[in-house]
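Open the model in your viewer and keep the sequence panel beside it. We will go from stop to stop, selecting as we go.

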Amino acid sequence: MFTGIVEEVGIVKNITASGKSGKIRICANKVLEDVHLGDSIAVNGVCLTVCEVFQNEFVADVMMETVRATNLSTLTRNSKVNLERAMSLSSRFGGHIVTGHVDTTGTIVDFKKEENAYRFDNWKREFSRLEEDTFRDIPPEKVQEFMELFRELYLRMQRNFDTGE
């Protein structure tokens with residue numbers, strides 16, 4: 001379980017794939033302070049299991065299905081990633097309680113600006129891979145605005161999926 005609060009930004013050093021699984025090597029500091037083999041670290045919100053630890057790097061196992069269903073598919077060498085250690089029951093939670101496990105993906109069909117907020121009324125859950133042209137129907141003048149807001153929406157959707165709200 002995670003709070004959804006990023007502890008540090010790491011750098012992807014290497015990604016390898018073999019069949020249905022792969023490994024991702026990430027340069028980090030803070031999340032490695034008390035890490036052990038088998039611990040969970042959220043990478044861009046996705047729960048991954050640590051399988052190797054080095055002085056300033058860790059390696060995590062990743063299933064290709066996880067890569068397919070998350071933003072991990074967009075990562076390359078030197079990509080920046082948000083990192084968070086799993087929650088400890090002996091500390092304050094300070095954020096939300098999220099699993100970091102991906103249940104589904106979604107497509108935003110439309111959004112509206114309302115005063116100082118954005119409203120996402122029209123979106124649908126999907127259980128198959130998002131196609132490259134998923135966002136083809138968003139007007140070109142709204143693409144940049146949409147990309148800036150997508151992270152905020154993702155966090156809200158994740159909270160709703162985790163809590164069932």
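Does Asn44 count as buried or exposed? Select Asn44 and show the surface. This is a predicted model, so every value on this tour is computed. Asn44 counts as buried, because its relative accessibility is 14% and the cut-off for buried is under 20%. Asn44 sits in the loop between S3 and strand S4 (46–53).

Now look at the backbone there. Asn44 has a positive phi of about 50°, although it is not a glycine. Most residues other than glycine have a negative phi. Keep that in mind for a later stop.

**Stop 1: the whole chain**

Zoom out and colour by secondary structure. You should find 2 helices and 8 strands. Trace the chain from the N terminus. The order of elements is β-β-β-β-β-α-β-β-β-α. The chain has 165 residues, and 32% of them count as buried.

Switch on the surface for a moment. The chain exposes about 10,600 Å², and carbon and sulfur atoms supply 50% of that area. Then hide the surface again.

Next, think about contacts along the chain. Take those between residues at least 6 apart in sequence. Of these contacts, 64% join residues at least 24 apart.

**Stop 2: the barrel**

Select the strands S1, S2, S5, S4, S3 and S6, in that order. Together these 6 strands form a closed barrel, with antiparallel pairing. Neighbouring strands of this sheet are turned by 45° against each other on average, direction ignored.

Follow the pairings one at a time. Start with S1 (residues 8–18) and S2 (residues 21–27). S1 and S2 run antiparallel, joined by 7 bridges. Pick Thr16 and look across to S2: its bridge partner is Lys23.

Now turn to the pairing of S1 with S6 (residues 80–85). This pair is also antiparallel, over 4 bridges. Select Val9 and find its partner in S6, which is Asn82.

S6 also pairs with S3. The two run antiparallel, and 3 bridges join them.

**Stop 3: two residues in S3**

Select Ala42 in strand S3 (residues 40–43). Which residue of S6 stands opposite Ala42? It is Glu84. Ala42 counts as buried because its relative accessibility is 4%.

Show what Ala42 touches, leaving aside its neighbours within four places in sequence. The contacts are Phe2, Cys47, Asn82, Leu83 and Glu84. Then draw a C-alpha to C-alpha distance from Ala42 to Ala86. It comes to 7.2 Å, though the two are 44 residues apart in sequence.

Move on to Val43, also placed in strand S3. Val43 is buried, because its relative accessible area is 0%. Again leave aside neighbours within four places in sequence. Val43 is then in contact with Ile26, Leu48, Phe58, Leu72, Val81, Asn82 and Leu83. Pick Val81 from that list. Val43 and Val81 are 38 residues apart in sequence, yet 6.3 Å apart in space, C-alpha to C-alpha.

**Stop 4: the loop between H1 and S6**

Select helix H1 (64–69), then step into the loop that follows on the way to S6. Thr70 is found in this loop. It counts as buried because its relative accessibility is 13%. Show its side chain as sticks. What does the side chain of Thr70 reach? It reaches the backbone oxygen of Thr66, at 2.7 Å.

Stay in the loop and select Asn78. Here is the later stop for phi: Asn78 has a positive value of about 75°, although it is not a glycine. Asn78 counts as partly exposed because its relative accessibility is 44%.

**Stop 5: the cysteines**

Select Cys27 and Cys51. How many disulfides does the count give? The count is 0, because a disulfide needs a pair of cysteine sulfur atoms within 2.5 Å. Cys27 is partly exposed, since its relative accessible area is 24%. Cys51 is partly exposed too, at 23%.

To finish, go back to the closed barrel of 6 strands. Find Val43 in S3 once more, then Asn44 in the loop between S3 and S4.

Technical notes. Residues numbered from 1 in each chain as written. Predicted model: local features only at pLDDT ≥ 70, side-chain atom pairs only at ≥ 80, totals over all residues. Heavy atoms only, no water. Buried < 20%, exposed > 50% of the residue type's maximum accessible area, 1.4 Å probe, protein only. Contact = heavy atoms within 4.5 Å. Areas by Shrake-Rupley, 256 points an atom, 1.4 Å probe, with all protein chains shown as cover. Pairing = 2+ DSSP bridges. Axes fitted to C-alpha atoms, helices over the stretch in contact; angles between N-to-C directions. Polar contact = N/O pair within 3.5 Å; in protein donor to acceptor, adjacent residues only side chain to side chain.
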